[in-house]
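This report describes selected contacts and surface features of one protein chain. The sequence and the model are shown first.

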Amino acid sequence: MLTRSLAVGDDPGLHARTAMILGPEAGGVVDLGVVEGSMGELKGDTVALDADLGEVGERLDLLMGDGTPVRARVVATYSRALGFGALVLSRDLAAGHTTTGLDAEILVRPAAADLSSLAKTWPGAEVSRRAAASIADADATQGLVNIAVLAVLIGYVLVSVANRLVATTTGRVEELLALRRLGATPGQVRRMLRWESLVIALAACAAGLVLAGVPLVMLSVGFLGRPWPAGPLWLVPASVLVVALVVWAAVNLPVRRRHLAL
């Protein structure tokens, strides 16, 4: 469908948007995080809208996918637009304006009845224990692909940094030999290298956390309404540990392979 600009920064004019179509009973099986109004009023020419884009009682001029102009009233606003989209249409409003006129999915709460019999009554229907199973599977697959690509990029960066540190450390062999000739013990040289590794690792982690943290905080405030991002917290210490191990290995191991008796 097409709508006017709804958010700050939208270009003037019409915007193509996708919308979920729900009935008034959907509040019992789909939690949109309603802020104002009620999903039970999603009847007739009505819509639900992202809480950041409008208010209950507001009128919206919409152009449906088949080119039909409609004027709808906002009966509810919700906070989970990141997962459900910015606009939800009532089934009455969307009736006659979709390609097939059929419901894509029927959501029900778990019940004692065996719903598998419905698959025999309606050819092509499938019963799943998960809502939007096909979409969830597609999202999971895409997530794995994204993680794999990100892991390859991070690995390439770590290898490049390690090579640079190895080359720098190897170039200091004469300096370390001079320290030995001046009376420095092997233990003192090793401690010096460990302190250097610690300083480099701390500087790298601090810079990485700042560069990544600032945009993440801004995005979290904009999308989630809170300053901390979603996701497992163990990724932060795990990343710090990986960086520390790479730095230690790149600084200390090349020296041990040289004839410094360290």
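A residue counts as buried under 20% relative accessible area, as exposed over 50%, and as partly exposed in between. By this rule Arg-71 is partly exposed, because its relative accessible area is 47%. The structure is a predicted model, and the values below are computed from it.

**Salt bridges**

The structure contains four salt bridges. Three of them are listed here, with the separation of the closest N and O atoms.

| Pair | N to O distance |
|---|---|
| Asp-31 and Arg-80 | 3.1 Å |
| Asp-61 and Arg-71 | 2.7 Å |
| Arg-172 and Glu-175 | 3.2 Å |

Asp-31 and Arg-80 form a salt bridge. Asp-31 sits in the loop between strand 3 (20-22) and strand 4 (34-37), and Arg-80 in the loop between strand 7 (69-78) and helix 1 (81-84), so this pair ties together parts that are 49 residues apart in sequence. Asp-31 is partly exposed, at 48% relative accessibility. Arg-80 is also partly exposed, at 42%.

The side chains of Asp-61 and Arg-71 meet in another salt bridge. Here the link runs between distant parts of the chain, with Asp-61 in strand 6 (residues 59-63) and Arg-71 in strand 7, ten residues apart. Asp-61 has a relative accessibility of 46% and therefore counts as partly exposed.

Is Arg-172, which pairs with Glu-175, buried or partly exposed? Arg-172 is buried, because its relative accessible area is 18% and the limit for a buried residue is under 20%. Its partner Glu-175 is partly exposed, with a relative accessible area of 41%. Salt bridges with shared partners join Arg-172, Glu-175 and Glu-196 into one network.

**Strands 5, 7 and 8**

Strand 5 (residues 46-50) is mostly covered, with five of its five residues buried. Which strands pair with strand 5? Strand 7 runs parallel to strand 5, and five bridges join the two. In this pairing Asp-50 stands opposite Tyr-78 of strand 7. Strand 8 (residues 87-90) pairs with strand 5 in the antiparallel sense, over three bridges. There Ala-48 stands opposite Val-88 of strand 8.

In a regular strand the side chains alternate between the two faces of the sheet.

**Ala-72**

Ala-72 is located in strand 7. At 0% relative accessibility, Ala-72 counts as buried. Which residues does Ala-72 touch, leaving aside those up to four places away in sequence? Its contacts are Asp-45, Thr-46, Val-47, Glu-58, Arg-59, Leu-60, Leu-62 and Leu-93. Of these contacts, Leu-93 lies 21 residues from Ala-72 along the chain, and the C-alpha atoms of the two are separated by 8.1 Å. Thr-46 and Val-47, also among the contacts of Ala-72, fall within the residue range of strand 5 (residues 46-50). Leu-60 and Leu-62 are further contacts, and their numbers fall within strand 6 (residues 59-63).

**Nonpolar surface patch**

Which residues make the nonpolar surface patch? Leu-82, Leu-219, Phe-223 and Leu-224 form it, and its area is about 400 Å². Phe-223 belongs to helix 6 (residues 186-223), while the number of Leu-82 places that residue in helix 1 (81-84).

Notes: Residues are numbered from 1 along each chain as its sequence is written. This is a predicted model: local features need pLDDT of at least 70, side-chain atom pairs count only at pLDDT 80 or more; totals for chains, interfaces and linings use all residues. Side-chain values use heavy atoms; hydrogens and water are left out. Patches are made of residues with over 30% relative accessible area and no salt bridge: like charges are joined within 9 Å, nonpolar side chains (Val, Leu, Ile, Met, Phe, Trp, Tyr) within 5 Å. Accessible areas come from the Shrake-Rupley method with a 1.4 Å probe; for residues, only the protein chains shown count as cover. Helices (H or I, at least four residues) and strands (E, at least two) are DSSP runs, numbered from the N terminus. Buried means under 20% relative accessible area, exposed over 50%, partly exposed in between (1.4 Å probe, protein chains only). Contact means heavy atoms within 4.5 Å. Two strands pair if DSSP finds at least two bridges between them.
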